[in-house]
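Colleague: I have a model on screen and some questions about how it is put together. Can we go through them one at a time?

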Amino acid sequence: MKITIHRGQNQIGGCITEIATATTHILIDLGHNLPNNENKSDSMANKEAVEQLTEKVDAIFYTHYHGDHLNLFNFVPKDVPQYIGSTAKKVTLCKYEILSKAKKTEKFDTKVTQEDVKLLNSFKTFQATQKIKVGDITITPFFVSHSACDAYMFLIKADGKRILHTGDFRQHGYLGKGLIPTIEKYIVNNETVDYLITEGTMLSRPDEKVKTEQEIQQEAAKLLKQSKYVFVLCSSTDIDRLASFYQASKTADRSFLVDGYQKDVLKIFTLTAGKYSECFQFKDVQFFKQGHEKQLAIIKKRGFCMPIRGTKLPLIQDLLKQLPEEETILIYSVWDGYLKEGKNRNEDYFNIWNMFTNREKLHTSGHASCETLAEVCNLVNPSQGIIPIHSEHSDKFKELKIRDELKSRIITESQQNGNVEIEIFK
Ligand SMILES: [Zn+2]
Ligand SMILES: [Zn+2]
């Protein structure tokens, strides 16, 4: 068997992992590099590069729908089956249908086309614990909590070895309490895991405080009671965060105002995750009609909470003119690094941040804390090795509170380990 980390060993995002036997090749994730101000293009973001990479590939499995795991899918030849969670597919389609109608943006070096939407439509889907056989490899997805809806880790069986690929995950989201029991019940119950391929995003952000999503909700409710008109800059597909603000709006008795796209995404959440938890039922969401005097009068009286995105600048500008400044606030609920000067600065977020006099930061990471990473490494206790990905500091895995014998099994260089070849591109 061969494990190839094509990308992700020394960077956050742009993840591509390959697992191959003599007869079968699969990819886990095929992500676009995260856009930054130094390097807007991605050398893999073209047909030739992806065709070459996928030449022998029998199937591609996506852990979740974030662009740094999915966004090269559109270059994959049609005859290669691509798999994603069924709700994740619905959300991605909703987003790409909107993007295909939008103008080319600076953030991506390609424009979303109707062809991309068609290709997405052809994706195969899976459910948690469903075993999928591709040639002589078996892949089983298990649900994980992340800042995306319907995210998974994969247990892969190939050539008699068991590999756990975590994808992006965390323990402090609404459904994060299932992480350890899932690993105990399905993954380490009576068989050994040979290799653990795990994300390590938070290793380069050790000072970041990890609040639970429940704490975010409570703090949001306080802010919503204090200020009448609340704009929330957050991801349109982060089900947990949207639930936190939606539930906080109910507590503070504010209208929850959204645009058409956000309304469609929330409807998908309500019809899927909402079946299992009341927390994800977005039943009382109002469509915001720009320039509608009657609605404006109503929401001015009751107060509101409005999730916004980087593209919403003109709408916010217009609305701000009609609201008293002292009662209006921006809650910045995405990663702090986007505001800082340098390669990660997001100009849209920065511009929105500067439009407000009153503003608060309220955010928690979508990624596992260092404590959770250590807990997972110790519990999975892989017999052959831990291969870090999705991290700028894979070497720091050694600093986690993990057993000494595990520290000696951290793999960051290419190597031959018995009949398993590991190739790591940097
Ligand atoms: Zn990621
Ligand atoms: Zn992610």
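Colleague: How many of the five residues of strand 12 (residues 229-233) are buried?

Modeller: Bear in mind that this is a predicted model. Buried here means under 20% relative accessible area. Strand 12 is largely enclosed by the rest of the structure, because the buried residues number five of the five.

Colleague: Which residues cover the two faces of strand 12?

Modeller: Both faces are covered, and the residues named for each are all buried. On one side stand Tyr229, Phe231 and Leu233. On the other side are Val230 and Val232.

Colleague: Which residue of strand 16 (residues 328-332) is the bridge partner of Val232?

Modeller: Strand 12 pairs with strand 15 (residues 304-308) in parallel, over five bridges. There, Tyr229 stands opposite Phe304. Strand 16 also pairs with strand 12 in the parallel sense, again over five bridges. In strand 16, Val232 has as its partner Ile331.

Colleague: Now the metals. Which residue bridges the zinc ion (ligand 1) and the zinc ion (ligand 2)?

Modeller: The protein donors of ligand 1 are Asp68 (OD), His69 (NE2), Asp168 (OD) and His390 (NE2), at 2.1 to 2.2 Å. Ligand 2 is coordinated by His64 (NE2), His66 (ND1), His146 (NE2) and Asp168 (OD), at 2.2 to 2.4 Å. The two zinc ions lie 3.3 Å apart, and the residue that coordinates both is Asp168.

Colleague: Why does the arrangement around the zinc ion (ligand 1) get its label, and what is that label?

Modeller: A tetrahedral label needs all angles between 85 and 135 degrees. The four donor atoms around ligand 1 subtend angles of 81 to 168 degrees, so the arrangement is irregular.

Colleague: And what is the arrangement around the zinc ion (ligand 2)?

Modeller: Its four donor atoms subtend angles of 90 to 168 degrees. The same tetrahedral limit of 135 degrees applies. The arrangement is therefore irregular.

Colleague: How many residues apart in sequence are the parts that Asp168 and His390 tie together?

Modeller: The donors of ligand 1 are spaced D-H-x98-D-x221-H. Asp168 lies in the loop between strand 10 (161-165) and helix 5 (179-187). His390 lies in the loop between strand 18 (385-389) and helix 13 (404-407), so the parts tied together are apart in sequence by 222 residues.

Colleague: Are Asp168 and His390 buried or exposed?

Modeller: Asp168 has a relative accessible area of 2%. His390 has 1% relative accessibility. With a cut-off of under 20%, both Asp168 and His390 count as buried.

Colleague: How far apart in the chain are His64 and His146?

Modeller: The donors of ligand 2 are spaced H-x1-H-x79-H-x21-D. His64 is in the loop between strand 4 (59-61) and helix 2 (67-70), while His146 is in the loop between strand 8 and strand 9. The pair links parts of the chain that are apart by 82 residues.

Colleague: Which strands stand at the edges of the six-stranded open sheet?

Modeller: The strand order is 7-8-9-10-11-18, with mixed pairing. An edge strand has a single partner, so one side of it is left without a neighbour in the sheet. The strands at the edges are strand 7 (132-134) and strand 18.

Colleague: Which residue of strand 18 stands opposite Ile197?

Modeller: Strand 11 (residues 195-199) and strand 18 run parallel, joined by five bridges. Opposite Ile197 in strand 18 stands Ile387.

Colleague: Which strands does helix 12 (residues 370-380) touch?

Modeller: Helix 12 packs on the sheet. Its direction makes about 170 degrees with that of strand 11. The strands touched are strand 10, strand 11 and strand 18.

Colleague: Are helix 3 and helix 8 roughly parallel or antiparallel to each other?

Modeller: Helix 3 (residues 86-101) and helix 8 (residues 260-271) pack at about 170 degrees, with axes 10 Å apart. Angles over 145 degrees count as roughly antiparallel. Helix 3 and helix 8 are therefore roughly antiparallel.

Colleague: Last one. Which residues does Ser365 contact, leaving aside its neighbours within four places in sequence?

Modeller: Ser365 lies in the loop between strand 17 (359-361) and helix 12. Ser365 is buried, with a relative accessible area of 3%. Its contacts are Arg170, His172, Met202 and Glu208.

Terms used: Residues are numbered from 1 along each chain as its sequence is written. Chains are lettered from A and ligands numbered from 1 in the order in which they are written. This is a predicted model: local features need pLDDT of at least 70, side-chain atom pairs count only at pLDDT 80 or more; totals for chains, interfaces and linings use all residues. Side-chain values use heavy atoms; hydrogens and water are left out. Donors are N, O and S atoms within 2.8 Å of the metal (3.2 Å for Na, K and Ca); water is not among the atoms, so sites may look incomplete. Four donors count as tetrahedral if all angles lie between 85 and 135 degrees; four count as square planar and six as octahedral if opposite donors are over 155 degrees apart and all others between 65 and 115; anything else is irregular. Helices (H or I, at least four residues) and strands (E, at least two) are DSSP runs, numbered from the N terminus. Buried means under 20% relative accessible area, exposed over 50%, partly exposed in between (1.4 Å probe, protein chains only). Two strands pair if DSSP finds at least two bridges between them. Contact means heavy atoms within 4.5 Å. Axes are lines fitted to C-alpha atoms, for helices over the stretch in contact, and angles run from 0 to 180 degrees between N-to-C directions. Angles under 35 degrees count as roughly parallel, over 145 as roughly antiparallel, 65 to 115 as roughly perpendicular and the rest as oblique.
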